[in-house]
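Work through the exercises below with the sequence and the model open side by side. Try each task before reading its solution.

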Amino acid sequence: MITSKASLDSPVDDDGNVNWVKEKLLSIDSSIMAFSHTIIDGKVGFNSYGSTIKVLPKEHGCKTEWNYNLVPTKGWKVEDLDFFISSSLQGMGKKITEALQA
């Protein structure tokens, strides 16, 4: 499966272009509640990206573990991309929490 996403919430470049990605789903393993995907094209600050996302049980609920490998584009530092991804995840978590409380 291949999907494309654009985000108006993401930073834009100096020309005002919106960040976007084309992702490819690599695997789903429902027995361990995990999936892996890669970005095959896009404008988000890195040349290559792959990740595995797992849902892990906790005493009261669950937590998400997100492991990724990436190579930044020229001019970007890994720390900048970590901040970008962390900010995106926090935004997603906030939206999920708001939806669950609605």
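**Exercise 1. Find the buried face of the helix.**
Task: State which residues of H1 are buried, and what covers them.

Solution. The model is predicted.
- Step 1. Apply the cut-off: buried means under 20% relative accessible area.
- Step 2. In H1, this picks out Leu 81, Phe 84 and Ile 85.
- Step 3. Look at what lies over these buried residues. The cover includes strand S2 (19–29), S4 and strand S5 (61–72).
- Step 4. Zoom in on Ile 85. Leaving aside residues up to four places away in sequence, Ile 85 touches Tyr 49, Tyr 68 and Leu 70.

**Exercise 2. Check the helix length.**
Task: Compare the reach of H1 with the span expected at 1.5 Å a residue.

Solution.
- Step 1. Count the residues: H1 has 24.
- Step 2. Go from the first C-alpha to the last. The reach is 34 Å.
- Step 3. Compare. The expected value is 34 Å, and the model comes close to it.

**Exercise 3. Lay out the chain.**
Task: Give the number of helices and strands, and their order.

Solution.
- Step 1. Count the elements: the protein chain has 1 helix and 5 strands.
- Step 2. Read from the N terminus on. The order is β-β-β-β-β-α.
- Step 3. Add burial. The chain has 102 residues, and 19% of them count as buried.
- Step 4. Add contact range. Take contacts between residues at least 6 apart in sequence; 20% of these join residues at least 24 apart.

**Exercise 4. Assemble the core.**
Task: List the residues of the largest nonpolar core, and find which element gives the most.

Solution.
- Step 1. Collect the members. There are 9 residues: Val 21, Ile 39, Val 44, Phe 46, Tyr 49, Leu 70, Leu 81, Phe 84 and Ile 85.
- Step 2. Sort by element. Strand S4 (46–58) and helix H1 (78–101) are the ones that give two or more residues.
- Step 3. Rank them. H1 gives the most, with 3 residues.
- Step 4. Set this beside the general trend: in soluble globular proteins, nonpolar side chains tend to be buried together.

**Exercise 5. Describe a pocket.**
Task: Characterize the second largest pocket by volume, lining and residue class.

Solution.
- Step 1. Volume: the second largest pocket holds about 280 Å³ of space.
- Step 2. Lining: the residues are Phe 35, Ile 53, Cys 62, Lys 63, Thr 64, Trp 66, Leu 89, Met 92, Gly 93 and Ile 96.
- Step 3. Elements: S5 and H1 are those that give two or more residues to this lining.
- Step 4. Class: the lining has 7 nonpolar, 2 polar and 1 charged residues.

**Exercise 6. Classify three residues.**
Task: Decide whether Trp 20, Leu 25 and Met 33 are buried, partly exposed or exposed.

Solution.
- Step 1. Recall the limits: buried is under 20%, exposed is over 50%, and partly exposed lies in between.
- Step 2. Trp 20 sits in strand S2. Its relative accessibility is 33%, so Trp 20 counts as partly exposed. Trp 20 and Val 44 are 24 residues apart in sequence, yet 6.4 Å apart in space, C-alpha to C-alpha.
- Step 3. Leu 25 is also in strand S2. Its relative accessible area is 26%, so Leu 25 is partly exposed. Leu 25 and His 37 are 12 residues apart in sequence and 4.4 Å apart in space, C-alpha to C-alpha.
- Step 4. Met 33 belongs to the loop between S2 and strand S3 (34–43). Its relative accessible area is 46%, so Met 33 is partly exposed.
- Step 5. Check the backbone of Met 33. Its phi is positive, about 50°, although Met 33 is not a glycine.

Notes:
Residues are numbered from 1 along each chain as its sequence is written. This is a predicted model: local features need pLDDT of at least 70, side-chain atom pairs count only at pLDDT 80 or more; totals for chains, interfaces and linings use all residues. Side-chain values use heavy atoms; hydrogens and water are left out. A nonpolar core is a set of buried Ala, Val, Leu, Ile, Met, Phe, Trp, Tyr and Cys residues joined through side-chain atoms within 4.5 Å. Buried means under 20% relative accessible area, exposed over 50%, partly exposed in between (1.4 Å probe, protein chains only). Helices (H or I, at least four residues) and strands (E, at least two) are DSSP runs, numbered from the N terminus. Contact means heavy atoms within 4.5 Å. The expected span of a helix is 1.5 Å times one less than its number of residues. On a 1 Å grid over the protein atoms alone, a cavity is a set of points where a 1.4 Å probe fits but cannot get out, and a pocket is an open set with protein on both sides within 12 Å along at least five of seven lines; lining residues have an atom within 4 Å of a point. Grid points are joined across faces, edges and corners, and a volume is the space filled by probe spheres set on the points. Ala, Val, Leu, Ile, Met, Phe, Trp, Tyr, Cys and Pro count as nonpolar, Asp, Glu, Lys and Arg as charged, and the others, Gly among them, as polar.
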